[in-house]
Amino acid sequence: MGFFEKLKNGLRKTKESMMGRIERLLHAFTKIDEDLFEELEETLILSDIGVNTSVKICDRVRDYVKQKGITDPAMIKDILKEVIAEMLGEEQPLDMSTVPSVILVIGVNGVGKTTTIGKLANQLKNQGKHVIVAAADTFRAAAIDQLEVWTERAGVELIKHKEGSDPAAVVFDALTAAKARQADVVICDTAGRLHNKKNLMKELEKISRIVHQQAEGCALEVLLALDATTGQNAVNQAQQFNEAADITGIILTKLDGTAKGGIVITICDDLKIPVKLVTVGEKIDDIQPFIAKDFVDALFE
Ligand SMILES: Nc1nc2c(ncn2[C@@H]2O[C@H](COP(=O)(O)OP(=O)(O)OP(=O)(O)O)[C@@H](O)[C@H]2O)c(=O)[nH]1
Ligand SMILES: [Mg+2]
């Protein structure tokens, strides 16, 4: 299955729910009036696009309709597509402009960090890159083992310490190894942590500090993994994590399992942090760069 087909498949639930609602709404109206906009706004909010973003989308659609003198409700779908595409912005690929470059993956428990790192390591390896993965989730032995299974599958190197050791030390070792061996990229896994647990966020600050020190002069991505099935709470998580470690991008996971894919729009609009990767399943190649045009095409067509 090609990239686009996979994304389309992954977004099936979101499309059925969100686009289904929008189409029914547009069918119910014979002319464009304030009632229509009111219902459109409600529909967007119900589709897990936050209130602010929904209001903004409706305002832009309204302007468009006025500007172009549109009267047919059926035309709103195309306008909506254009407005949403604009909000999603341009594709922002991972910065891997130095050798090594560094990618730190953070996020709450179970959002898909380790799995995504496995997929990403595999993808980069297939592009001919020398990849080193750091097992900096040292909380549980099982976490290190899980990552090892993925790195073996991807055929990339793993730097690990014992369970319970200092995660910052693992990161330090991985970065030292990467510099010595001229690896192209180091990807660091971290333990899941709740964004409102102070001590865990302090630990993350420390890891982030070490990475920033050690990776000085290197391209550095701090990627927050967000589970698309969480809906609006994801925005909250992003704000808290951003305070502990300056996030450079978002990985939106589990887009395949949810009807709440509309959250992407809120994330791009509200957070001003680019979505860089999306994952659409549990298999090793269920990962893709986030391309706004593909996203809206998959949703609207
Ligand atoms: N359907 C689906 N499941 C996913 C996706 N990504 C991850 N998962 C599943 O989500 C579960 C958690 O994934 P992990 O990678 O272990 O998550 P984590 O963030 O590393 O978890 P902790 O280390 O415990 O914080 C696993 O069962 C994965 O298979 C995805 O894109 N789609
Ligand atoms: Mg993990």
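A residue is taken as buried when its relative accessible area is under 20%. In this predicted model, I106 has a relative accessibility of 0% and therefore counts as buried. I106 is found in strand β1, which spans residues 101-106. Beyond its neighbours within four places in sequence, I106 is in contact with K113, T190, L204, V222, L223, L224, A225, F241, A245 and I247. V133 is 27 residues from I106 in sequence, and the two C-alpha atoms are 14 Å apart in space.

One of the contacts of I106 is A225, a residue of strand β5 (residues 220-227). The relative accessible area of A225 is 0%, so A225 is buried. With residues up to four places away in sequence not counted, A225 touches I106, G107, V111, K113 and I251. K113 thus appears among the contacts of A225 and also among those of I106. A separation of 113 residues in sequence lies between A225 and G112, but their C-alpha atoms are 6.9 Å apart.

The chain as a whole has twelve helices and eight strands. Its radius of gyration is 21 Å, which agrees with the value near 19 Å that a compact globule of 301 residues would have. Along the principal axes, the C-alpha atoms fill a box of roughly 65 × 40 × 35 Å. Buried residues make up 54% of the 301 residues. Of the contacts with a separation of 6 or more, 76% are between residues 24 or more positions apart. The exposed area of the chain is about 13,200 Å², and carbon and sulfur atoms supply 48% of that area. The chain carries 37 positive and 46 negative charges, and the mean positions of the two sets are 3 Å apart.

Several loop residues were examined individually. T138 is in the loop that connects β2 (131-136) with α7 (141-154). At a relative accessible area of 1%, T138 is buried. Its side chain reaches the backbone oxygen of S165 at 2.7 Å. S165 is also listed among the contacts of T138 outside its neighbours within four places in sequence, together with I144, K162, E163, G164, P167 and V170. Of these contacts, P167 is a residue of α8 (167-181), and I144 is a residue of α7 (141-154).

H195 is placed in the loop between β4 and α9 (198-214). With a relative accessibility of 10%, H195 counts as buried. H195 touches V108, M201, N233, N236, Q237, Q240 and F241, residues up to four places away in sequence not being counted. F241 is 46 residues from H195 in sequence, with a C-alpha to C-alpha distance of 6.3 Å. F241 is also in contact with I106.

The backbone of the model has a cis peptide bond between V99 and P100, with omega at about -5°. P100 belongs to the loop between α5 (76-88) and β1 (101-106). Positive phi values occur at D48, at about 65°, and at Q182, at about 55°; D48 is not a glycine, and neither is Q182. D48 lies in the loop between α3 (34-46) and α4 (51-68), whereas Q182 lies in the loop between α8 (167-181) and β4 (185-190). D48 counts as buried because its relative accessibility is 17%, under the 20% limit. Q182, in contrast, has a relative accessibility of 60% and so counts as exposed.

Helix α11 (residues 263-271) is mostly covered, with eight of its nine residues buried. The buried residues are I263, V264, I265, T266, I267, C268, D269 and L271. In an α-helix there are 3.6 residues a turn, so residues three or four places apart point the same way. The buried positions in α11 include the consecutive run from I263 to D269. The residue that follows α11 is K272, with a positive phi near 60°.

Definitions and conventions:
Residues numbered from 1 in each chain as written. Chains lettered and ligands numbered in written order. Predicted model: local features only at pLDDT ≥ 70, side-chain atom pairs only at ≥ 80, totals over all residues. Heavy atoms only, no water. Helix = DSSP H or I, 4+ residues; strand = E, 2+ residues; numbered from the N terminus. Rg over C-alpha atoms; globule rule 2.2 N^0.38 Å. Buried < 20%, exposed > 50% of the residue type's maximum accessible area, 1.4 Å probe, protein only. Contact = heavy atoms within 4.5 Å. Areas by Shrake-Rupley, 256 points an atom, 1.4 Å probe, with all protein chains shown as cover. Lys, Arg positive; Asp, Glu negative; His and termini not counted. Charge placed at Lys NZ, Arg CZ, Asp CG, Glu CD. Polar contact = N/O pair within 3.5 Å; in protein donor to acceptor, adjacent residues only side chain to side chain.
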